[in-house]
Amino acid sequence: METAETKGIPRLRVGFRFQWEPAQNAYVLLYPEGMVRLNESAGAVLSEVDGERSVADIVQNLERRFPEAGPLTVDVLDFLRDARQQSWIDIR
Amino acid sequence: MTDNPNPTAKASGRIGPPFWLLAELTYRCPLQCPYCSNPLDFDNTRQELTTDEWVRVLRQGREMGAAQLGFSGGEPLVRQDLAELIAEARHLGYYSNLITSGLGLTEAKVQSFQNAGLDHIQVSFQASDPELNNAVAGSRKAFEQKLAMARAVKDAGYPMVLNFVIHRHNIHQMNDIIELCDRLDADYVELATCQYYGWAFKNREGLMPSREQLVKAEAEVNACRERLAAAGSLMKLIFVTPDYYEERPKACMNGWGSLFLTVAPDGTALPCHSARLLPIDFPNVRESGLSSIWYDSAGFNYYRGDSWMPEPCRSCDEKGKDFGGCRCQAYLLTGNADNADPVCSKSPHHDRILAARRAADHATTGLEDLTYRNPENSRLFFRG
Ligand code: SF4
Ligand code: SF4
């Protein structure tokens, strides 16, 4: 189902870098003078955030990547809301 | 949805990798700030590391797991290979930060650093008023240039991050400083009262604000915050007050040899940028690899853990929180770096802090009486 929320396109805010960090064995977000180590699900969602895909696309991709996880819309929206609150991303 | 990024090694007794690598590329600098944290005898240091030597250090640091990289100095812009080092840092996967006075920066340089993959730039100011700013920095052109460069950084798409060093001669200007930042459309503003190491320790009497000044400044900053928020501004204001007015010390560097690794211009590896003043033999990246420096050298293990602590820290239940404070401050104020940081009210040397506070109430030292950081003055601090 398309809603205003799932049509939005999230992208990382300027100054944030998302990357795989071998020493942490995890995805991380790097920002001025700091780093957040992401757990697996957060890493999976952010790995789909490229400033072009909509939330609906991201959900679809993740559901394809993790079929055993079931429907993911609610979880993804929750996480993205949280990420926006932390000012890691904005959503157009 | 996040885990703690840096569980400190201490808890498990295991030493974790350095997270921060600070590359002090040079002690050369066109400015002469009297609060500079560089060593007093900076003019006595051996030859700077070459480009190849820095590249090797960056590689080794990244292999160990360092993720944040700072380029500082001195003024890092005087190094002609800065863009090259930034490109290498980006290639290795560092998040790179440039800490500059803005002097020597041009729009073309901002562009070339951006192309090389620089993530972040911080420009430091001395005060909001051109006269005072220039008096403190010991340079007349400095202020206009800094303003222009702050704008250029923002035009290039970076957040504008400004740092103002605050002391008794500009602490009354909080309103003006914040207004200037707002006009420039700054994103982050750090108002940092200077910390008393290096030249700032030498000049402490002439720099340290009185309690009265500090209280007034805090009220001004808070009022500005409210005004900005009401006007819908997103600018973030951080006011760092001097630990000389605290009763407990700061958890210096998050613990000795726990997250930070500084490499000085001549290759000396240090657990923090002022540790050079301690009577400890620190290793040099020209002689050993970074990994053996971090994990095995006597210098980096000197104050790891807590078995080195004398009383009152030894039996204190807060030692896991502040690690006994800052070793450099303990050394500067008590002559023995093992002691508790005298900022702590439990320290038998806390009277030195109280004396400094009293002195700040009555100090008459003017700007012209400060010892400015320049090679000539530096030579007074070593024989040669
Ligand atoms: S504090 Fe001032 S003198 Fe020292 S390195 Fe920075 S700009 Fe140069
Ligand atoms: S006595 Fe030592 S460990 Fe305890 S609070 Fe003071 S400085 Fe920290």
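This text describes the surroundings of two ligands in a predicted model and then turns to several backbone features of chain B.

The shell of ligand 1 is formed by C29(B), L31(B), C33(B), C36(B), N38(B), G74(B), S101(B) and R373(B). Sorted by class, these surroundings comprise 4 nonpolar, 3 polar and 1 charged residues. An unreviewed UniProt entry carries the annotation "binding site" for C29(B), C33(B) and C36(B), and these three cysteines also appear in the shell of ligand 1.

Two of these cysteines can be placed within the fold. C33(B) belongs to the loop that runs between strand 2 (20-24) and helix 2 (51-64) of chain B, and C36(B) is likewise located in the loop between strand 2 and helix 2. C33(B) has a relative accessible area of 12% and is therefore classed as buried, the limit for that class being under 20%. C36(B) is also buried, because its relative accessibility is 15%. Leaving aside residues up to four places away in sequence, C36(B) is in contact with Y197(B), G198(B), W199(B), A200(B) and R373(B). Of these, R373(B) is also listed around ligand 1.

Another member of the ligand 1 shell, G74(B), takes part in a cis peptide bond with G73(B), for which omega is about 15°. G74(B) is situated in the loop between strand 3 (68-72) and helix 3 (82-92) of chain B.

Ligand 2 occupies the space that forms the largest cavity. Around ligand 2 are R248(B), P249(B), P312(B), C313(B), C316(B), E318(B), K319(B), D322(B), G324(B), C344(B) and K346(B). This shell consists of 5 nonpolar, 1 polar and 5 charged residues. Here too a shell residue is involved in a cis peptide bond: the one from E311(B) to P312(B), with omega near 5°. P312(B) lies in the loop between helix 12 (298-301) and helix 13 (319-322) of chain B.

Further backbone features concern two residues that are not glycines. D185(B) has a positive phi of about 65° and is found in the loop between helix 7 (174-184) and strand 7 (188-193) of chain B. With a relative accessible area of 47%, D185(B) is partly exposed. N254(B) also has a positive phi of about 65°; the loop that holds N254(B) is between strand 8 (236-240) and strand 9 (260-263) of chain B. The relative accessible area of N254(B) is 35%, so this residue is partly exposed.

Finally, E144(B) is part of helix 6 (residues 142-155) of chain B. E144(B) counts as exposed because its relative accessibility is 57%. Between E144(B) and A156(B), 12 residues apart in sequence, the C-alpha to C-alpha distance is 19 Å.

Definitions and conventions. Residues are numbered from 1 along each chain as its sequence is written. Chains are lettered from A and ligands numbered from 1 in the order in which they are written. This is a predicted model: local features need pLDDT of at least 70, side-chain atom pairs count only at pLDDT 80 or more; totals for chains, interfaces and linings use all residues. Side-chain values use heavy atoms; hydrogens and water are left out. A residue is near a molecule or strand if one of its heavy atoms lies within 4 Å of it. On a 1 Å grid over the protein atoms alone, a cavity is a set of points where a 1.4 Å probe fits but cannot get out, and a pocket is an open set with protein on both sides within 12 Å along at least five of seven lines; lining residues have an atom within 4 Å of a point. A molecule sits in a cavity or pocket if more than half of its atoms lie within 2 Å of its grid points. Ala, Val, Leu, Ile, Met, Phe, Trp, Tyr, Cys and Pro count as nonpolar, Asp, Glu, Lys and Arg as charged, and the others, Gly among them, as polar. UniProt positions are given in the numbering used here, feature names are shortened, and annotations may be inferred rather than shown by experiment. Helices (H or I, at least four residues) and strands (E, at least two) are DSSP runs, numbered from the N terminus. Buried means under 20% relative accessible area, exposed over 50%, partly exposed in between (1.4 Å probe, protein chains only). Contact means heavy atoms within 4.5 Å.
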